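Biologist: Could you take me through one part of this model up close? I'd like to see how a pair of helices packs, and what surrounds them.

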Amino acid sequence: MATLAQIDVPAEVLARARTGDEAARAAIYAAVSPGVFGLVRRLAGNRALADDLFQETMLMLYQRLAEFRAEAPLGAWVRQIAVTRCLMYLRSPWHRARLLTRGEEDSDDWYEAYLPATTGPNAECLDVERALASLSPTARAVVWLFEVEGYSHEEIARSFGRSVSFSKSQLARAHSRLREWFEPRVDRQTCTPM
Amino acid sequence: MHTNVDQQTAALAARLRQLPAELPPPYGWLEFKRRSSPAIRPARAAMSWRHAAVAAGVVVVIAAVAVRSRINVSAPQTASVRLSIGDPRSLGRSVGEGTLDATAPLPPAAAANPLADAALYANEAGGRAARSLAIEHWLAALPQEPAVVRVGTRSAVTGLEDQLAQMDDLLASMRVDGAGLERLGQLQQERARLMGSLAQVRYAEVVDARSSP
């Protein structure tokens, strides 16, 4: 399965989509929307918020399609839009205040709803999703961008508007937390077959 | 020990990469289109020359009115108001100059006369409101925000826009409550300062978007 950054669409479809062709726009939606939602869902961590950020990202894709210069795959361009939208949310004072007041309410068990339908009875995936959801939003975004999306520390720092050491420390913290999660513990039930 | 931690970290990374990269989106194309139909029509050109000319004309007229109204009331208050469609730094400077003027002590003759005092404040407030309006027109003439933005710059823009919205709410409620001209003038001054800052950040964002590959 190609990652979002690798997804591309034919130039002819892009050209038709720019003129407002309905079928071409639908084809682009079908090609990139699952990857966009997968990325946004992991970075946002909250279902309702992910829906909003997904809508914003897709909206911006169509509004700014004329600006896309096709120097990289369309998916890479859309990924950058999605990451920027998500990080803007993570940095906003409103979000920080909401986290302080709502605490753990944001970490809903969304993965249990989709995993059986999309990947079959994959308990390992479920466990990893739970571990990921246990991280703070910033640490989760950093670890996902670094380990899965292939961002460098410099790129993460630039995206967050912070220093490289910020990215490294967030990643180290996330790794430490995830290692703890996967260490065998008697007081936590896991879906992973032992 | 380190090797053990490194191995665990590598195993973690492998587990993360095994997660499905794609998830079913919350709705399909038709629902997306229904939710955003007015917004996803083919984008118009960001800014036509006709729009730019109209915006420039509006700015010049407003600036002329502001300068003339300042000259008519009082000679010491005739600070230069320089508004330029091309360079927001001049907008920032003129706002800054206005700030300095307003915080300076009033001339004794004007301070002693309540009517002259009120006229002066009204005129000052009018000048600041005109400057705010001029900057708003300048901002409206800028291209829309780029698709890929820097988070820091965009956060600064949204922060300033939030503060401006709060300021507008405050101004509206103060006017309804019949607040004094002096207080309204201070709020207008603060609003003009925020508009100046917003213009400078937006200008930097546009320049950055044009220069980036």
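**Two helices and the core around them**

Modeller: Sure. Let's take α3(A) and α4(A), which cross in a right-handed way; keep in mind that this is a predicted model. Their axes sit 9 Å apart, and the packing angle is about 140°. Since angles over 145 would count as roughly antiparallel, that angle makes α3(A) oblique to α4(A). On the α3(A) side, the contact is made by L53(A), E56(A), T57(A), M60(A) and L61(A). Facing them from α4(A) are V78(A), I81(A), A82(A), R85(A), C86(A) and Y89(A). Sorted by class, the residues of this contact come to 8 nonpolar, 1 polar and 2 charged.

Now step back a bit. V78(A), A82(A) and C86(A) are also among the residues with the most contacts inside the largest nonpolar core, which has 57 residues. L4(A), V36(A), V40(A) and V142(A) are on that list too. Both α3 (47-63) and α4 (74-91) of chain A supply at least two residues of this core, and so does α1 (2-18) of chain B. V40(A) is a nice one to click on: beyond its sequence neighbours within four places, V40(A) touches A50(A), L53(A), F54(A) and T57(A), plus A82(A) and C86(A).

And the other chain? The contact between the chains takes 47 residues from chain A and 32 residues from chain B. α3 and α4 of chain A each supply at least two residues of the side that touches chain B, but α2(A) gives the most, with 9 residues. That side of chain A has 22 nonpolar, 16 polar and 9 charged residues.

Technical notes: Residues numbered from 1 in each chain as written. Chains lettered and ligands numbered in written order. Predicted model: local features only at pLDDT ≥ 70, side-chain atom pairs only at ≥ 80, totals over all residues. Core = buried A, V, L, I, M, F, W, Y, C linked by C-beta atoms within 7 Å. Buried ≥ 20, exposed ≤ 12 C-beta atoms within 10 Å, placed from the backbone. Helix = DSSP H or I, 4+ residues; strand = E, 2+ residues; numbered from the N terminus. Contact = placed C-beta atoms within 7 Å. Axes fitted to C-alpha atoms, helices over the stretch in contact; angles between N-to-C directions. Parallel < 35°, antiparallel > 145°, perpendicular 65-115°, else oblique. Left-handed = near helix turned anticlockwise from the far one by under 90°. Nonpolar A, V, L, I, M, F, W, Y, C, P; charged D, E, K, R; others polar.
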